[in-house]
Amino acid sequence: MIVTVTLNPSLDRTIEVDSLTRGAVIRTRSARLDPGGKGVNVSRALLANGIDSTAVVPVGGPDGDQLRRMLEAEGMKVRAVPSAGHTRSNVTIAEPGGLVTKLNEPGGPLSRGELDAVAKVVATEADSASWVVGCGSIPPGVPETIYAELCKAFVPAGIRVAVDTSGPALLAAVAAGPDLIKPNREELAEAVGGPVDRLSDVIEAARALRARGARTVLVSLGADGAVLVDDEGITAGSAPVENPNSTVGAGDALLAGFLSAGAQGPAALREGLAWGAAAVGQPASRMPGPNDIRRDLVRLHPRPDLDRALLT
Ligand SMILES: Nc1ncnc2c1ncn2[C@@H]1O[C@H](COP(=O)(O)OP(=O)(O)OP(=O)(O)O)[C@@H](O)[C@H]1O
Ligand SMILES: O=P(O)(O)OC[C@@]1(O)O[C@H](CO)[C@@H](O)[C@@H]1O
């Protein structure tokens, strides 16, 4: 069983437009509402593929109630912890061809008491878990060491911890020895404090984060695919997407697929890439199910061109 922890979940509203012009009145094509937040999406992807998962989320206000109801309606096992701060709404403006603009709210604050209540629920669920997965931004009031605390609580007890976040929270987590991190290109560059323009930069930066404490580094690179640096070595791969629909949540699908296949080595990377590419073909942040996932399209690159400039 995989436990996900999303401290800053959201209702994700996706609005489709023909094109986005600042300062104009834009008549939209369609709107759609999904339960959101990175860990929530990991659980949704696992659920869509029949893999046992529990999502732990603080929820507050009417939007928090709605988020919980939407997740339960999908059949998800949700442990919702009440909070006084309101659950946020994030807006995605989607243009044809898969171009998205995201507006993410900071989220309602979480008090120390509420955070302790979340931690208690996570500890109970972790008893029967193979992984605890902490994902996403940190709401106001929560210390940047929160994912590091997660690592310190579970890694020594033999429960593996994955972290997908950014900035100081990612750096603190890395120093606390997570089993897995999943930065994207931007997050990786920020973590090492330098540009990541080529595959050689990705590998060098991933190695640096391993040297600082992360056991496995899975870097998502948008249309360039992903690179895995772990105890087994370095593997790069990609999967083409003919008609990109929305990249929102593709990183979460990649992570879910990777975890579902054992989270180690080329076979797990292949599965992650298949799930990530399938997510890009879905509208908004809908997670792919078995009929959407095309493992035959994944290519692992045994001898990638390390000097090639990254596309995205
Ligand atoms: N345009 C694309 N074509 C093919 N595959 C893609 C494309 N965009 C994303 N992917 C797949 O999805 C994975 C995750 O994408 P990305 O690097 O954008 O994640 P992310 O920034 O973490 O996204 P999010 O935070 O929205 O989940 C990539 O590693 C790749 O496998
Ligand atoms: O603001 P954060 O926590 O960094 O990211 C939140 C978010 O953009 O991530 C998911 C996609 O990965 C969306 O469901 C959600 O809106």
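These exercises work through the pockets, the cavity and the two ligands of a predicted model.

Residues are numbered from 1 along each chain as written, and chains are lettered from A and ligands numbered from 1 in written order. In this predicted model, local features need pLDDT of at least 70, side-chain atom pairs count only at pLDDT 80 or more, totals for chains, interfaces and linings use all residues, and side-chain values use heavy atoms, with hydrogens and water left out.

**Exercise 1. Describe the largest pocket: its volume, its lining and the elements that supply it.**

Step 1. Fix the terms. Work on a 1 Å grid over the protein atoms alone; a pocket is an open set of points with protein on both sides within 12 Å along at least five of seven lines. Lining residues have an atom within 4 Å of a point. Grid points are joined across faces, edges and corners, and a volume is the space filled by probe spheres set on the points.

Step 2. Take the volume. The largest pocket holds about 1,400 Å³. Its lining has 46 residues, and Asn184, Gly222, Thr247, Ala250 and Gly251 are the closest to its centre.

Step 3. Assign elements. Helices (H or I, at least four residues) and strands (E, at least two) are DSSP runs, numbered from the N terminus. At least two lining residues come from each of β2 (10-16), α1 (38-48), β6 (88-95), β7 (99-103), α6 (185-192), α8 and α9.

Step 4. Sort by class. Ala, Val, Leu, Ile, Met, Phe, Trp, Tyr, Cys and Pro count as nonpolar, Asp, Glu, Lys and Arg as charged, and the others, Gly among them, as polar. The lining then has 14 nonpolar, 22 polar and 10 charged residues.

**Exercise 2. Place ligand 1 and list its surroundings.**

Step 1. Locate the ligand. Ligand 1 sits in the largest pocket (more than half of its atoms lie within 2 Å of the pocket's grid points).

Step 2. List the shell. A residue is near if one of its heavy atoms lies within 4 Å. Ligand 1 has 21 residues around it, with Lys38, Asn184, Gly222, Gly225 and Gly251 nearest. α8 (250-260) and α9 (265-280) are the elements that give two or more residues to this shell. The largest share, four residues, is from α8. By class, there are 10 nonpolar, eight polar and three charged residues.

Step 3. Find polar contacts (pairs of N or O atoms within 3.5 Å; within protein, one must be able to donate a hydrogen and the other to accept it, and residues adjacent in sequence count only if both atoms are side-chain atoms). The side chain of Ser220 puts an N or O atom 3.0 Å from a ligand 1 oxygen. Backbone N or O atoms also reach oxygen atoms of ligand 1: Gly249 at 3.1 Å and Asp252 at 3.4 Å.

Step 4. Read the cover. Accessible areas come from the Shrake-Rupley method with a 1.4 Å probe; for residues, only the protein chains shown count as cover. Alone, ligand 1 has 630 Å² of accessible area, and the protein covers 84% of that.

**Exercise 3. Repeat the analysis for ligand 2.**

Step 1. Locate the ligand. Ligand 2 also sits in the largest pocket. β2, α1 and β6 are the elements that give its shell two or more residues.

Step 2. List the shell. Among the 15 residues around ligand 2, Asp12, Asn90, Lys102, Ser137 and Asp252 come nearest. One is nonpolar, nine are polar and five are charged.

Step 3. Find polar contacts. Polar side-chain atoms lie close to ligand 2 oxygens: Asp12 at 2.4 Å, Ser137 at 2.8 Å and Arg88 at 2.9 Å. The protein covers 88% of the 400 Å² that ligand 2 exposes on its own.

**Exercise 4. Survey the remaining spaces.**

Step 1. Count cavities (sets of grid points where a 1.4 Å probe fits but cannot get out). There is one of 30 Å³ or more. The largest cavity has about 80 Å³ of space. It is lined by 16 residues, with Leu7, Pro9, His86, Thr87 and Gly108 closest to its centre.

Step 2. Turn to the second largest pocket. Its space is about 290 Å³. Of 16 lining residues, Pro240, Val241, Glu242, Ala277 and Leu297 lie nearest its centre. The lining has 10 nonpolar, three polar and three charged residues.
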